[in-house]
Amino acid sequence: MPKRKLRLWYNKNDYLKERENEKKLSETNQNDNVTEPVLTDEKTETTIIDDTIPPVENAEMPSVENETKSLQTETQKEVLPIETQADLKQAEIPSSKSNINEEGSNKEKIQIEPNSAITLTQTQAEQTPTESYSNPQIIEKETQETSLVNDIVSPVDVKQKQALIELKWVKDQDKLADPLTRPNAEQEILSVESIKEEEAIEIENKVPMIESVVDIEKYTDSLKRLLPTKAVVCIGEYPINIILNSSFIGKKDQGVLPIFVEKSTKDVIKWSQGRLENGSIVCLDEDIDSHFWYDILPYVVENESFFEKIKGKPIEKLLGAIIVSSTWNGIGSALLPSLSTQFKEWNINSIALPLLPSKAQPLDNQFNSLACIGILASRKATLLLIDRDKLETYTGIDRNGFGIYGNMVINYLLDLILTKETFAQELCELSNSFDTKMFTTLLASGVSLKIYETLENMLDTTLLRPLFTFDLSSATILYVLVRMPFNLKDKFPRGKIEVTITNWFKDKADLESIYIADPIYVEDSSDRMDIAMFVGGFETATRFATIEKKVAKMKDQAVKKGLITEEDWQAIAKSLLNKI
């Protein structure tokens, strides 16, 4: 049987008459067909249907065969009352036939051919189309009407039941078309979107975790690369003020961890004038006597809270640490050897850069300095010795052609050292291999090839401004670090630098080992080079023996008061009076 198009009824009374005719036909059971109703009532009640609702594509509903030829000529379309929905509540629509979109997108007008006929009871006809579904009285009426429908439907055959199903489907569409009864589209959309989100979450959870783990590992590796690989620890007001006058403070984002140590945090903030980050300041912050090294050392040994503050910094990826400290006060002379030992326990290569007092400074400063260097030497620490007198009178040129005056050379030396990622590791290995702990620096900064013409002439300038007074002829170990522009790479390869320096030292010292580090190349159009020669193994007994005699009386007083023991002092002196 061909499928018929559906239409909406526009007259309630006509619809009721059709139901009565249908009931009569069902009783007589003529030809197993449903007759077409005769539409005679002139009273019409029109329901305005929302034309904006798009039609349902390919709408298919059960059709009823009509063999009553007398009713085939009726073509008038009538209104279907909306309150008749309750009549057919027990009739179920096949899911494949009425798949209605939850978003309300298929609220549309549906047309039906005049051949389909359905009869209604008189009780149902008494209801008006304007009554709301939410009215309690209507709900009670619907319950009564449902029982009547059951009485009507029970004796009918399959085709008649299909007609009832068709009516319910039409009524459902009519409810969707009515603005007063159709669901809220926004709520429908929200519910659909929430369902889609839940489905997306379920699908996402089904993705293998391997990719997520790989992404996390990549992210963790990137964070590790951001961790500092070098640290510079400044102990005491003198070295901290030197650093404050340099560009070193801005190197934190270049893999350098700065740590500033003093007795009081408030004092550091005060004389640094807020130029240091509070997170970089680590101080004792204790009301203790800090004049001599033996006042501070017992406190540091017994209280680990100070070292916990430093350990709380991002030191996991450190390859090396440079500790710059004055040695003439109690804070520097006690904390420098303590921190050097602590970094060693943390398996971090560290190089101590102690600043020795001037000859003009009083004996208590000399006493603190001698004890500091002696403790460092006895603990096998690697030292870069610098005299304050030499430091204050230094004069040099940087790579930009500007002058370097006084203690600002410390900043320039640190900048050169920090450009070499493995400097601390390489120098510590060389020191341990030859059991040589004390080094000093011969520096040729910003030397121009155009002016000096040869590498040998550049090396000669290092003897004019040493940073420590020592006997070069007694040196045994040499570590060389060179920084040059890329345009000089072919002119001065590493092999040529090694041969030139070896020949230059032939008549100056009997060296046991020379190590030339890989040169550091920079993007620069100039012809200026930096050459730093770290010389070690020289004799120190004469110098320190003189200082030991000067402070002997002060040492005896400390022993007498029980502040130190004679055995401890003898161990300190022994490490200095022998060639290290």
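Visitor: Before we start, what does contact mean here?
Guide: Contact means heavy atoms within 4.5 Å. Keep in mind that this is a predicted model.

Visitor: Okay. Which residues in H12 meet H21?
Guide: From H12 you have Phe367, Leu370, Ala371, Ile373, Gly374, Ile375, Ala377 and Ser378, and they meet Trp569, Ile572, Ser575 and Leu576 in H21. By class, that contact has nine nonpolar residues, three polar and no charged.

Visitor: And at what angle do the axes of those two cross?
Guide: Roughly 75 degrees, with the axes of H12 (residues 363–378) and H21 (residues 566–577) coming within 8 Å. Angles of 65 to 115 count as roughly perpendicular, so that is how H12 and H21 sit to each other.

Visitor: Switching to pockets. How much space lies in the largest pocket?
Guide: About 500 Å³. There are 24 lining residues, and Lys359, Gln366, Asp387, Arg543 and Ile547 are the closest to the centre.

Visitor: Which elements give two or more residues to that lining?
Guide: H12 again, plus helix H13 (388–392) and helix H19 (541–550). H19 gives the largest share, six residues.

Visitor: What's the mix of classes in the lining?
Guide: An even split: eight nonpolar, eight polar and eight charged residues.

Visitor: New topic: Leu335. Where is its place, and is it buried or exposed?
Guide: Leu335 is in helix H11 (residues 330–345). Its relative accessible area is 0%, so Leu335 is buried.

Visitor: What is Leu335 in contact with, leaving aside neighbours within four places in sequence?
Guide: Ile235, Val261, Ile296, Val300 and Phe306.

Visitor: And how far apart in space are Leu335 and Ser325?
Guide: 8.7 Å, C-alpha to C-alpha, with their positions ten residues apart in sequence counted as the separation.

Visitor: Last thing, backbone angles. What is phi for Asn347?
Guide: Positive, about 60 degrees, although Asn347 is not a glycine. Most residues other than glycine have a negative phi. Asn347 lies in the loop between H11 and strand S5 (349–356).

Visitor: Is Asn347 buried or exposed?
Guide: Exposed, since its relative accessible area is 71% and the cut-off for exposed is over 50%.

Visitor: What about phi of Asp435?
Guide: Also a positive value in a residue other than glycine, near 50 degrees. Asp435 lies in the loop between helix H15 (423–433) and strand S10 (438–448). At 45% relative accessibility, Asp435 counts as partly exposed.

Notes
Residues numbered from 1 in each chain as written. Predicted model: local features only at pLDDT ≥ 70, side-chain atom pairs only at ≥ 80, totals over all residues. Heavy atoms only, no water. Axes fitted to C-alpha atoms, helices over the stretch in contact; angles between N-to-C directions. Helix = DSSP H or I, 4+ residues; strand = E, 2+ residues; numbered from the N terminus. Parallel < 35°, antiparallel > 145°, perpendicular 65-115°, else oblique. Nonpolar A, V, L, I, M, F, W, Y, C, P; charged D, E, K, R; others polar. 1 Å grid on protein atoms, 1.4 Å probe; cavity = no way out; pocket = protein on both sides within 12 Å on 5 of 7 lines; lining within 4 Å. Points joined across faces, edges and corners; volume = space filled by probe spheres on them. Buried < 20%, exposed > 50% of the residue type's maximum accessible area, 1.4 Å probe, protein only.
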